[in-house]
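Good morning, colleagues, and thank you for making time for this presentation. I would ask you to keep the sequence and the structure in view while I speak.

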Amino acid sequence: MKKALTVVAAAAFAFAGLTGTASAENEKFVLISHAPDSDSWWNVIKNAIQVAGDQMDVEVEYRNPPTGDLADMARIVEQASATNPDGIIVTIADFNVLQGPVKDAVDKGIPVITINSGTQEQSEKLGALMHVGQPEYDAGFGAGKRAAAAGAKSFVCVNHYITNPASVERCRGFADALGVELGSQMIDSGQDPSEVKNKVSAYLNSHQDVDAVLTLGPNSAHPTLAALRDSGLAGEIMFGTFDLSSEIADAIKAGEIDFAIDQQPYLQGYLPVVILTNYARYGVLPSGHINSGPGFITKDNIAQVEKYAGEYR
């Protein structure tokens, strides 16, 4: 799969190099995410669609529900579809909530590529051209294997977006790799930093046998790190997180976070724009889905990626 991704990515970048000879058709695309305005992790994807839009000479609009409400997201998909764009890029934050409006867009003849959340199987059921993202259960399982190898037996998974089924799959994969059933170890932390910190601290105080922590992104990683520091457990307890930020990178270098799982969001934003543009202009389309992750960032390779955190990584 890694080789296949390399081939597809290379082909996509080659397409980008052809824009000087291709005649622009003023294509317009819309990327719709489930992320609230407060989630800075999506800045990488916003940057990616701007870079791809400039290279391909197309217009790409980013839209999202300001509070992360999925009903609002479904309405945004409907509104975008009504404008008849040349393509829609959308996350499958909740298949049941989004399947109606996404299928309607496909039935109208609008090319759709799904990204980030959801599965390849769900993408196919929606009639999308492909899915560009990270298999979330597999990523969680890979993180759990690392925790098990370090001797972890009891854990807490800090889920800051529990309404997104993909986030639950991350925790479930982690639990399965440790050979335990997922239950109360997954806490619904919410997204307010103070609330996340307080809930993590409370859990650790009442479960002193915890020897591994998994967070699902910067929104939960940053306040969890603060909770561990306050309790004197930073660097003493195995800590893995999804995604990357400058604060997470610093904590990896300091030995406070053992690894970050990188789903390479830049590819999730960049590749769909390039692929949809070439599909609209020439009818060419890569075959199959694209796994953008998971990759693991540790002390051994952090220097290669930290300078791009928040922009390309």
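Let me begin with a term: a residue is called buried when its relative accessible area is under 20%, and exposed when that area is over 50%. Residues in between are called partly exposed. Please also note that what you see is a predicted model.

With that term in hand, consider Leu-225, a residue of helix α9, which spans residues 218–231. Is Leu-225 buried or exposed? Its relative accessibility is 1%, and therefore Leu-225 counts as buried. Leaving aside residues up to four places away in sequence, Leu-225 touches Phe-239, Glu-247, Ala-251 and Glu-256. Of these contacts, Phe-239 lies 14 residues from Leu-225 along the chain, and the C-alpha atoms of the two are separated by 8.8 Å.

I turn now to the sheets, beginning with the parallel one. Here six strands form an open sheet, and their order is β2-β1-β3-β4-β5-β11. Strands β2, residues 59–63, and β11, residues 290–291, stand at the edges; each has a single partner strand, so one side of each is left without a neighbour in the sheet. Helix α2, residues 43–56, packs on this sheet and touches β1 (28–32), β2 and β4 (112–116). The direction of α2 makes about 165° with that of β2.

At one edge, β1 and β2 run parallel and are joined by five bridges. Within that pairing, Leu-31 has Tyr-62 of β2 as its bridge partner. Together with α2, these two strands make a right-handed β-α-β unit. Which side chains of β2 point to the buried face? They are those of Val-60 and Tyr-62, while Glu-59, Glu-61 and Arg-63 point to the other face and are not buried.

At the other edge, strand β5, residues 130–133, runs parallel to β11, and two bridges join them. There Gly-133 stands opposite Asn-291 of β11.

One residue of this sheet deserves a separate remark. Asn-116 lies in strand β4, and its phi is near 65°, a positive value in a residue other than glycine. Asn-116 counts as buried because its relative accessibility is 4%.

The second sheet is next. It is also an open sheet of six strands, in the order β7-β6-β8-β9-β10-β12, and its pairing is mixed. Its edges are held by β7, residues 186–188, and β12, residues 295–297; each has a single partner strand, so one side of each is left without a neighbour in the sheet. On average, and with direction ignored, neighbouring strands of this sheet are turned by 20° against each other.

Within the mixed sheet, β6 (residues 155–159) and β8 (residues 212–215) pair in the parallel sense over four bridges. Phe-155 has Ala-212 of β8 as its bridge partner. Helix α6 lies across β8, β9 (238–242), β10 (259–262) and β12, and runs at about 165° to β9.

Two loops merit attention here. In the loop between β11 and β12 we find Pro-294, which a cis peptide bond joins to Gly-293, with omega about 10°. In the loop between β10 and α11 (265–282) we find Gln-264, which has a positive phi of about 50° although it is not a glycine. With a relative accessibility of 28%, Gln-264 counts as partly exposed.

Finally, I come to the empty spaces. How many cavities of 30 Å³ or more does a search of the whole structure find? The search finds two, and the largest cavity has a volume of about 260 Å³. It is lined by 22 residues, of which His-34, His-160, Tyr-161, Arg-170 and Leu-216 are the closest to its centre. The elements that give two or more residues to this lining are α7 (165–178) and α9. Helix α7 gives the most, with three residues.

Among the pockets, I mention the second largest, with a volume of about 290 Å³. Of its 22 lining residues, the closest to its centre are Gly-118, Thr-119, Gln-122, Ala-166 and Glu-169. Two or more lining residues come from each of α4 (95–107), α5 (120–126), β5, α6 (136–149) and α7.

That concludes the presentation. Thank you for your attention.

Definitions and conventions
Residues are numbered from 1 along each chain as its sequence is written. This is a predicted model: local features need pLDDT of at least 70, side-chain atom pairs count only at pLDDT 80 or more; totals for chains, interfaces and linings use all residues. Side-chain values use heavy atoms; hydrogens and water are left out. Two strands pair if DSSP finds at least two bridges between them. Contact means heavy atoms within 4.5 Å. Axes are lines fitted to C-alpha atoms, for helices over the stretch in contact, and angles run from 0 to 180 degrees between N-to-C directions. Buried means under 20% relative accessible area, exposed over 50%, partly exposed in between (1.4 Å probe, protein chains only). A crossover is right-handed if, with the strands pointing away from the viewer, the path from the first strand over the helix to the second runs clockwise. On a 1 Å grid over the protein atoms alone, a cavity is a set of points where a 1.4 Å probe fits but cannot get out, and a pocket is an open set with protein on both sides within 12 Å along at least five of seven lines; lining residues have an atom within 4 Å of a point. Grid points are joined across faces, edges and corners, and a volume is the space filled by probe spheres set on the points.
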